[in-house]
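Trainee: I've got a new model to go through before I set anything up. Can we walk through it together?
Mentor: Sure, pull it up and fire away.

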Amino acid sequence: MLNSVVAGLTSGGVYALLGLCVVLTYRLVAVVNFAMAAVGAMGAFVMVTLTDAGLPAWLALPLGAVAGGALSALLGAALARWFGEHGERTKAAVTVAVYVAIMAIGLRLFGSVTTGARRFPAWFDAPAFTVGGVVVPQSVLVSLAFAVLITVGVGLLLTRTAVGLRLQALSERPATAQVVGIAAPRLAVAVWAAIGAISALVIVLVAPRLGGDFSTLGNLITTALAVAMVGGFRSLPLTLAGGVLLGCLEGLSASLAAIQQYRGVVPFLVILVLLWWRSRDEVWDTAHTR
């Protein structure tokens, strides 16, 4: 069981990173980006296609990140150009449509679960140390360290720098931000590009563990949304904790024969429980006002 929990920590770090990307997109540009994981998967598959063609991995990796960032920036530019004055629901609906389109294109280009699995490089599978007879791979430390770095770094960026203040103004009052001289469209596209590049790197990190097919990797958005909901789409530390917790729960469920085949349902259960928990106050208040 301990071995399964440790294995879950690797996924937990990656889930935390994906959840952080969702939260950052929402906090900085006020969009729930349903296409994020699909965009990251597209960048990751650009990278593995280049390595399969003989390009060195150290060169293919940044090119894959650039591809993910460029695709995400294109989506951000379209939203800023044509949907800048629309509400959050409309923008989210646009990202859902883009998600469907990218998944269709990705499956067409790279194949399905049975025909399109790729061998992604497993750079961090070497053991880091041993705890109680359980080997902890380097991937656990890398994913968790990356998640903590983003959490702390973005927190400092938003609260201690002029760029962070501009980003917060862009999220909360985009029209006012433009009036006072903030280049809102360019800043928003830069945020989208950074999130896309990070998503591609995260997908590359988790791909060796999940089979390396486009469908599985693109559908990680469900897990990312569940993790983001733990932090209420606002709190970076809670999102980090939620990702680690979800990974551990998934690893624990994989070690229990009775529920092993249902471990993929864990993100959906987390979403349902959080929706119920957060809506209980509204239900209570409504009941007492009648």
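**Walking through the model**

Mentor: Let's start with Pro121, which lies in the loop between H4 and S1. Keep in mind throughout that this is a predicted model.

Trainee: OK, so which residues is Pro121 in contact with, leaving aside its neighbours within four places in sequence?
Mentor: Its relative accessible area is 21%, so Pro121 counts as partly exposed, as buried would need under 20%. In space, Pro121 and Leu205 sit 8.6 Å apart, C-alpha to C-alpha, though 84 residues separate them in sequence. With those neighbours left out, the contacts of Pro121 are Met47 and Pro208.

Trainee: And the salt bridge: which residue does Asp52 pair with?
Mentor: The structure holds 1 salt bridge. It links distant parts of the chain, 66 residues apart, with Asp52 in helix H2 and its partner in the loop between helix H4 (88-110) and strand S1 (127-131). That partner is partly exposed, with 24% relative accessible area. The closest N and O atoms are 3.3 Å apart, and the residue paired with Asp52 is Arg118.

Trainee: How many disulfides does the structure hold?
Mentor: A disulfide is a covalent bond between the sulfur atoms of two cysteines. Cys21 is buried at 2% relative accessible area, and Cys248 counts as buried too, at 19%. As for disulfides, the number in the structure is 0.

Trainee: Next, Asn33. Is it buried or exposed?
Mentor: Asn33 belongs to the loop between helix H1 (2-29) and helix H2 (36-52). Not counting residues up to four places away in sequence, Asn33 touches Thr25, Leu75, Thr95, Trp192 and Ile221. Its relative accessibility is 2%, so Asn33 counts as buried.

Trainee: Which residue has its backbone nitrogen 3.1 Å from a polar atom of the Asn33 side chain?
Mentor: Look just along the chain, at the loop between H1 and H2 where Asn33 has its place. The backbone nitrogen at that 3.1 Å distance belongs to Ala35.

Trainee: How far apart are the end C-alpha atoms of helix H3?
Mentor: H3 covers residues 57-82, and its buried residues include Gly64, Gly68, Gly69, Leu75 and Gly76. With 26 residues at 1.5 Å a residue, the helix should span 38 Å. The model agrees with that, as the end C-alpha atoms are apart by 37 Å.

Trainee: How many of the 10 residues of helix H10 are buried?
Mentor: Among the buried ones are Ile221, Leu225, Val227 and Met229. After H10 comes Gly232, with a positive phi near 60 degrees. H10 (residues 221-230) is largely enclosed by the rest of the structure, because the number of its residues that are buried is 8.

Trainee: Zooming out, what percentage of the 290 residues count as buried?
Mentor: The chain comes to 12 helices and 2 strands, and along the sequence the pattern reads α-α-α-α-β-β-α-α-α-α-α-α-α-α. Of the contacts between residues at least 6 apart in sequence, 74% join residues at least 24 apart. The buried share of the 290 residues is 43%.

Trainee: Last one: where in the chain is confidence lowest?
Mentor: The mean pLDDT of the chain is 83, and 83% of its residues reach 70 or more. Confidence is highest in H2, at a mean of 95. Where pLDDT is low, the predicted coordinates should not be read in detail. The lowest mean is 56, in residues 174-179, which is helix H7.

Terms used:
Residues numbered from 1 in each chain as written. Predicted model: local features only at pLDDT ≥ 70, side-chain atom pairs only at ≥ 80, totals over all residues. Heavy atoms only, no water. Buried < 20%, exposed > 50% of the residue type's maximum accessible area, 1.4 Å probe, protein only. Helix = DSSP H or I, 4+ residues; strand = E, 2+ residues; numbered from the N terminus. Polar contact = N/O pair within 3.5 Å; in protein donor to acceptor, adjacent residues only side chain to side chain. Contact = heavy atoms within 4.5 Å. Expected span 1.5 Å × (residues − 1). Disulfide = S-S within 2.5 Å. Salt bridge = Lys/Arg side-chain N within 4 Å of Asp/Glu carboxyl O. pLDDT = per-residue confidence, 0-100.
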